[in-house]
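Q: I should like to learn how the surroundings of a bound ligand are read from a structure. Where should one begin?

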Amino acid sequence: MELPPSAAARIAENLASVQDCIAVAAARSGRPVSAVTLVAVTKYAGSDAAQALVRAGCHDLAESRPQELWHKAAALADQPVRWHLVGHLQRNKLKRTLPLIWLIHSCDSLRLLAAIDAEAQQLGRRPAVLLEVNISGDPAKHGFAPHELTAAWDVVLGHQHVELRGLMGMAGVEGDLELARRDFTALRLLRDKLQTAAGHRVRLDELSMGMSGDYEVAIAEGATIVRIGSALFEGLA
Ligand SMILES: *Cc1c(COP(=O)(O)O)cnc(C)c1O
């Protein structure tokens with residue numbers, strides 16, 4: 001299916017304006033624009049809109065639900081897409097999901113980490129994984145509690161079939177940028193602490209933080225990946 005040309009043009013414009021804002025935010029904190037990867041979250045859109053993003057030059061796409069990721073990955077199978085999963089992954093969906101994925105942002109428990117590790121061994125893969133941290137402590141959110149991750153750190157590092165690349169987190173309160181900054185700073189400091197404790201065993205280079213409403217603050221606090229959904233689809237009917 002194809003979008004009307006006007007909708008595809010609007011998506012391309014939205015993408016360009018988000019890319020501009022990322023470049024400005026990166027420059028403001030003295031970082032090269034290449035230090036920040038834009039991952040487009042397509043959960044609000046159909047495969048046709050996802051395809052328009054790819055045509056406009058965005059090759060990192062994310063879904064929050066595994067089934068929707070399977071569906072869009074099949075629809076865009078002939079496109080150069082790196083798929084990211086940013087939502088909760090049920091263990092019974094691992095076998096089908098792992099082969100499709102470039103980066104899992106949402107490894108949110110030791111149980112899931114162990115299951116990914118076991119499935120990866122079976123499949124002969126070594127998937128790249130971020131550990132999702134519930135940085136604000138909101139009980140409605142998924143993720144490791146910071147103290148849980150610190151306490152279990154040696155157990156986490158014992159999983160040989162996953163490539164741990166960093167942490168993912170969300171600001172607790174939408175719309176309050178100062179609180180968001182506090183949460184993003186806390187995630188960065190936790191990463192630094194875990195990296196120090198890990199020594200050379202892993203490189204936690206990636207900090208996936210920042211969404212449409214707060215990605216500029218996240219970049220100022222060290223985000224290497226921003227996950228942008230709604231800002232890319234503004235102005236579409
Ligand atoms: C939906 C979603 C996003 C994108 O949110 P927007 O505010 O629409 O940019 C980012 N991360 C996760 C985990 C999401 O579920």
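A: Begin with residue classes: Ala, Val, Leu, Ile, Met, Phe, Trp, Tyr, Cys and Pro count as nonpolar, Asp, Glu, Lys and Arg as charged, and the others, Gly among them, as polar. The model shown here is predicted. By these classes, the shell around the ligand holds 6 nonpolar, 3 polar and 2 charged residues.

Q: Which residues are around the ligand?

A: They are Val41, Lys43, Tyr44, Val86, Met170, Met211, Ser212, Arg227, Ile228, Gly229 and Ser230.

Q: Which side chains have polar atoms paired with the ligand, and at what distances?

A: A polar contact is a pair of N or O atoms within 3.5 Å. In Lys43, a polar side-chain atom is 2.6 Å from a ligand oxygen atom. For Ser212, a side-chain N or O atom lies 2.5 Å from an oxygen atom of the ligand. Arg227 places a polar side-chain atom 2.9 Å from a ligand nitrogen atom.

Q: How much of the ligand does the protein bury?

A: The ligand alone exposes 390 Å², of which the protein buries 89%. The space that the ligand takes is the largest pocket.

Q: How many helices and strands does the protein have, and why is it called as compact as a globular protein of its length?

A: The protein has 9 helices and 8 strands. Its radius of gyration is 17 Å, close to the 18 Å that the globule rule gives for 237 residues, so the protein is as compact as a globular protein of that length. The C-alpha trace spans about 50 × 40 × 30 Å along its principal axes.

Terms used:
Residues are numbered from 1 along each chain as its sequence is written. This is a predicted model: local features need pLDDT of at least 70, side-chain atom pairs count only at pLDDT 80 or more; totals for chains, interfaces and linings use all residues. Side-chain values use heavy atoms; hydrogens and water are left out. A residue is near a molecule or strand if one of its heavy atoms lies within 4 Å of it. A polar contact is a pair of N or O atoms within 3.5 Å; within protein, one must be able to donate a hydrogen and the other to accept it, and residues adjacent in sequence count only if both atoms are side-chain atoms. Accessible areas come from the Shrake-Rupley method with a 1.4 Å probe; for residues, only the protein chains shown count as cover. On a 1 Å grid over the protein atoms alone, a cavity is a set of points where a 1.4 Å probe fits but cannot get out, and a pocket is an open set with protein on both sides within 12 Å along at least five of seven lines; lining residues have an atom within 4 Å of a point. A molecule sits in a cavity or pocket if more than half of its atoms lie within 2 Å of its grid points. Helices (H or I, at least four residues) and strands (E, at least two) are DSSP runs, numbered from the N terminus. The radius of gyration is taken over C-alpha atoms; the globule rule is 2.2 Å times the number of residues to the power 0.38.
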